[in-house]
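Biologist: I'd like a close look at a single part of this model, and please keep it friendly for a first-year student. Here is what we're looking at.

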Protein chains: 2
Amino acid sequence: MQAEIITIGDEILIGQIVDTNSAFIGKILNSVGVSVYQITSIQDDRAHILKALSAAEANADIIIVTGGLGPTKDDITKHTICDYFNDHLVRNEAVTINIERLWRDYVKQPMQQVNLDQALMPSQSQVLMNTVGSAPGMWIEKNNKVFISLPGVPYEMKLLMENEVIPKLKNKYKRPSILHKTLITYGIGESMLAEKIEEWETNLPIFIKLAYLPNFGKVRLRLSAIGADLESITRAVDAEIQKVIPLIKTEYIGIEEEDGDLEVVIAKQLTKLGKTLALAESCTGGKIAELFTSHSGASAYFKGGVVTYATQSKIDILGVPEILITTHSVVSAEVAEVMAQKARVLYKSDFALSTTGNAGPAKGDSEAEVGTVFIALATENGVFSQKFELGSNRERVVNKSVNKALELLQKEIFKI
Amino acid sequence: MQAEIITIGDEILIGQIVDTNSAFIGKILNSVGVSVYQITSIQDDRAHILKALSAAEANADIIIVTGGLGPTKDDITKHTICDYFNDHLVRNEAVTINIERLWRDYVKQPMQQVNLDQALMPSQSQVLMNTVGSAPGMWIEKNNKVFISLPGVPYEMKLLMENEVIPKLKNKYKRPSILHKTLITYGIGESMLAEKIEEWETNLPIFIKLAYLPNFGKVRLRLSAIGADLESITRAVDAEIQKVIPLIKTEYIGIEEEDGDLEVVIAKQLTKLGKTLALAESCTGGKIAELFTSHSGASAYFKGGVVTYATQSKIDILGVPEILITTHSVVSAEVAEVMAQKARVLYKSDFALSTTGNAGPAKGDSEAEVGTVFIALATENGVFSQKFELGSNRERVVNKSVNKALELLQKEIFKI
């Protein structure tokens, strides 16, 4: 069972937006046994859309198209799909009622004819009702292939995938099972990791595929398997995981799909322990806070954090003694440690993480080299810090700092 | 001059990562007059790579491939490119020296044979030297087309695009100019906006293309033009912008490419005014702080922020009176306003923004409905707040809150 995803929009090709839709669709399709053969991003152009539909039809059983369904003139997907199927548009009553409801309850602005015209649907299509937006999804079957057209607005697309597309696909097709389990490791490069597990990798069963995913100081190892019976492939993958973990036990953190990414592993462990966390972020600028709060349930363990970006705010908000900053510089182990301790007291938390460093591009309030970062962790037993040299690329310094901070915390809370 | 981008990696197709590389490449190519016809994401599979290369060669003059150049067994791009060109690998001395330097200075772990083998290059290729990673880029010319292969690690790819690929492309091709100018508007839906500017849109010159980009309460209007002479297309686009701004003057914020996105517009204005900002974030969880600090130069105006996620931390850190919370609920105009005022005092800033709301999925510390958010802004003249009902989708509530907060601040600081 193979799918192709086509995302339509000049804004993708000129790099004005990042296409996040296809990652979401790929993941949810995999979860129900549908593989994605290819993702194609194309222009809002009639000829290009027709060409892409026909190319995808040759490869895949399921073709999912996003984008180009808005009410404005630059949105041409619906008319082009009509052309592809030699179809014509007819007004759909249920969609009309839905649009009128949305305008009455939410938009509260005068409705335009173009909004009502979003209820015009290809006559061969089944409506995928969009309860949160005016562009409905479409489901068209042809020669035992399914064409699905969805709006490009991510949260509308997601709701339609979850509530309409996936149930209908499950119903229509008998699908195999696809299993991905990804081991998260920290603190070792991919080639070193590969050497450690070389023999194990060589002896992997043929139906289990291994991939290395390096990213800012962590390397993820993904085992993928596909098979008719979920139980038997799970058993086989789990057996391999049990063999490999002892080979990488100092680097291994958890399994992404079961345990979540590192912040989720930490969140679960803190919640389980009944312990709480606070943050004092300087060079990471709120990114660690945002990471924890991007998952629901954070209020169980996350007390909050301060972003003390300016040196003066470290003094004013956290009460870092000015003399410490003058003596040791604002980017120093001493300042990082006091930041963590003060945040812990301020938030009455069990743990507090702090970051202070120079992310570049220019030297800031301190004389520290660009890329120098100190990360500290305060616990009920005291405080400790580590120094990192993370290079001169701003994005890399910030992201590596976030990963290193999480790693430090993870190692500490799993000792308990 | 047309390019195609091929991103290789199963992790993209299964939705384990979002492909951000192609957006970066699309943007930088446009900036030097190269259009992107299509972006194709494919599997780490020999047959699929060969097929994609051949399809891209038929459409484009420049084919840029990312990914699959790592040292581990799942990385097959280099060998497959060799097959595509009937080529063979030869060791490159300069790359070998670069890899040895990286290991000595940064990796500081034993080098493996697989690392040294990253210096094996197709004999027809020119090396694009990667000074920050062990996988070099490749540049291969064939029938007046250029094939470029780059590592998938985003910051390595970016450096190679900027320092190697773009200069070589500029040198090799005479290119037209591509101009995008995107007007940012807030507070109006796309169909209402379209109605307001309908006559203007209808009368746009044929070589200027208009697109509507709606996103969480803001709508961007992009004007795109392509032509031999940058000056004349700029003049034409600017003339149209001068015509449209009066039609949308209450919604218009600025031009994205010149002024940057809203947080950049705000950053510039605050810096210009010599004014500073602080934040007290609850439901946005640090996302506003992260947005401001993701751009360099934030220390000029950004004092910092507190993330007071737990109710108790609003009392402990910000000093919100407990009685106010008990009386009005933690999600209320009163609490939002005091949060902003307290943050302003704490950080000694000119402005302070606060958010408090329930992002869902479950009701949290307050009885407020999911989606109810209060945003307040404290200034030297006092404080005011606004209430928003942002629906039940967590991601949407958080993102809309961020946009609404920025909008509030923007309107205030541009009054000055």
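How far apart do the end C-alpha atoms of residues 4–172 of chain A lie, and what share of the span is helix and what share is strand? Once that's clear, could you walk me through the sheet in chain B?

Modeller: Sure! Keep in mind that this is a predicted model. The end C-alpha atoms of residues 4–172 of chain A are 17 Å apart, and the span is 44% helix and 23% strand. In UniProt, an unreviewed entry gives those residues of chain A the feature "domain: MoaB/Mog".

Now for the sheet. In chain B, four strands make an open sheet in the order β10-β11-β9-β12, and the pairing is antiparallel. At the edges of this sheet sit β10 (208–215) and β12 (252–255) of chain B, each of which pairs on one side only. Going from one strand to the next, the twist averages 20 degrees. As a bit of background, strands of a sheet pair through backbone hydrogen bonds, either parallel or antiparallel.

Let's zoom in on one edge. Strand β10(B) is joined by eight bridges to β11 of chain B, residues 218–227, and the two run antiparallel. If you want one pair to find on screen, pick B:Ile208: its bridge partner in β11(B) is B:Ala225.

And how do the chains go together? Chain B lands on chain A after a rotation of 180 degrees with 0.0 Å of shift along its axis, at an RMSD of 0.0 Å. The two copies are thus related as by a two-fold rotation axis. They also meet through the same surface, because 100% of the interface residues of chain B are interface residues in chain A too.

Conventions
Residues are numbered from 1 along each chain as its sequence is written. Chains are lettered from A and ligands numbered from 1 in the order in which they are written. This is a predicted model: local features need pLDDT of at least 70, side-chain atom pairs count only at pLDDT 80 or more; totals for chains, interfaces and linings use all residues. Side-chain values use heavy atoms; hydrogens and water are left out. UniProt positions are given in the numbering used here, feature names are shortened, and annotations may be inferred rather than shown by experiment. Two strands pair if DSSP finds at least two bridges between them. Axes are lines fitted to C-alpha atoms, for helices over the stretch in contact, and angles run from 0 to 180 degrees between N-to-C directions. Copies are superposed by least squares on the C-alpha atoms of residues with pLDDT of at least 70 in both. Contact means heavy atoms within 4.5 Å.
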